[in-house]
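New to this one? Let's take a walk through the structure together, one region after another.

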Amino acid sequence: SQKIHQIIRNTTHSSDPYKTVKIQANTQAKKHLPYLKKQITASQDPLLLAIKLAIVGNVFDYGTMTRLNIDEMINKALTQPFDLHHFPTFKNNLETTKSILILGDNTGEIIFDTLLLKELSEYTQDITYVVKAHPIINDAQKDDALYAGIDTYATIIEADAGQPNSSPGILLNNTTPRFKRHFTNADLILSKGQGNYEGLNNTRRQIYFLLTIKCPLIAQLMGKPVGTPILQVNQ
């Protein structure tokens, strides 16, 4: 994908071919925020609902053929239980966590991530949020994170600063020493999206993966159908 999208950029003479849909995704997602904030405040378990909505936000994805309806997914998160059997483990780990590393994914999605960041900030102020240094599909960059207000709750860093191109998922051998320090030392790591799952699911580091399955390959790897919301920890 990294090489393919470099060809696309060269062919279209555009450094960011997805820029328009990235702006649209951020704008669309932000319109949902007032309503979703009220739902979380009224929820019996605000952290659980924030987790569900952060997973739902992963449907803002222009790198797959599957297009899930964001309004339908939001309604599902508000009215139906998700099969998130790793949530109790996550919540227990969070109780003793002093530092959190979050690996961001798509534009639009990062707006929903602010809902989760607000809840996580009740546990620790040491939160680092990771974005891509260069345009790749509709993945979030630093300007997108600032637009979303991520900096209200977290320090924003670029995983692959200094590399010529970004990839759809974080590849550890293409990351900065600063990122590697956070990856090694953080008490808790949350990884958003399919690309980061593909790049990191075989690492020995414990990671909580938050995503919505949107392609048959990931569905096969995870043993769940397309459209399934996932909170899974690698052991």
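## A sheet to start from

An open sheet of 6 strands makes a good starting point: its strands are ordered β3-β2-β1-β4-β5-β6, and the pairing is mixed. Keep in mind as you look that this is a predicted model. At the edges of the sheet sit β3 (155-158) and β6, each of which pairs on one side only. Ignoring direction, neighbouring strands here are turned against each other by 20 degrees on average.

Let's begin at the β3 end. Strand β2 (residues 126-131) pairs with β3 in the parallel sense, over 4 bridges. If you want a spot to look at, find V130, whose bridge partner in β3 is I157.

Now move along to β4. On one flank there is strand β1 (residues 99-103), which runs parallel to β4 and is joined to it by 4 bridges. Here L101 stands opposite I189 in β4. On to β5: this strand also runs parallel to β4, with 3 bridges joining the two, and S191 is found opposite F209 in β5.

So how enclosed is β4? Of its 5 residues, 5 are buried, so the strand is largely enclosed by the rest of the structure. To make sense of its two sides, it helps to know that side chains in a regular strand alternate between the two faces of the sheet. In β4, L188, L190 and K192 lie on one side and I189 and S191 on the other, and all of them are buried, so both faces are covered.

What lies across this part of the sheet? That's helix α3, which lies across β4, β5 (208-212) and β6 and runs at about 55 degrees to β5. The helix is itself mostly covered, with 9 of its 11 residues buried. Those buried residues are L47, L49, A50, I51, K52, L53, A54, I55 and V56.

Next, have a look at two helices that meet. Helix α2 (residues 19-42) and helix α6 (residues 109-120) have axes that come within 8 Å and cross at roughly 30 degrees. Angles under 35 degrees count as roughly parallel, and α2 and α6 are therefore roughly parallel to each other. On the α2 side of the contact you'll find N26, A29, K30, H32, L33, L36, K37 and I40, and they meet I110, I111, F112, T114, L115 and E119 in α6. Sort the residues of this contact by type and you get 8 nonpolar, 3 polar and 3 charged.

One residue in that list deserves a pause: T114, found in helix α6. Is T114 buried or exposed? Its relative accessible area is 7%, and since buried means under 20%, T114 counts as buried. Leaving aside neighbours within four places in sequence, T114 is in contact with L33, A148, G149, I150 and Y153.

Finally, the charged pairs. How many salt bridges does a search of the whole structure find? The search turns up 6. One of them brings us back to β4: the side chains of K192 and E109 meet in a salt bridge, at 2.8 Å from N to O. This pair links distant parts of the chain, with K192 in strand β4 (residues 188-192) and E109 in helix α6, 83 residues apart. Both K192 and E109 are buried, and E109, D113 and K192 are linked in a network of salt bridges.

Another salt bridge joins D45 to K91, where the closest N and O atoms are 3.7 Å apart. D45 belongs to the loop between α2 and α3 (46-56), while K91 is in helix α5 (residues 87-95), and the two are 46 residues apart. D45 counts as partly exposed, at 22% relative accessibility; K91 is partly exposed too, with a relative accessible area of 27%.

The last stop is the salt bridge between K224 and D83, with 3.6 Å between the closest N and O atoms. Here 141 residues separate the partners: K224 is in the loop between α10 (216-222) and β6 (229-233), and D83 is in the loop between α4 (70-79) and α5. K224 is partly exposed, at a relative accessible area of 31%, whereas D83 is exposed, with 53%.

Methods
Residues numbered from 1 in each chain as written. Predicted model: local features only at pLDDT ≥ 70, side-chain atom pairs only at ≥ 80, totals over all residues. Heavy atoms only, no water. Axes fitted to C-alpha atoms, helices over the stretch in contact; angles between N-to-C directions. Parallel < 35°, antiparallel > 145°, perpendicular 65-115°, else oblique. Contact = heavy atoms within 4.5 Å. Nonpolar A, V, L, I, M, F, W, Y, C, P; charged D, E, K, R; others polar. Buried < 20%, exposed > 50% of the residue type's maximum accessible area, 1.4 Å probe, protein only. Salt bridge = Lys/Arg side-chain N within 4 Å of Asp/Glu carboxyl O. Pairing = 2+ DSSP bridges.
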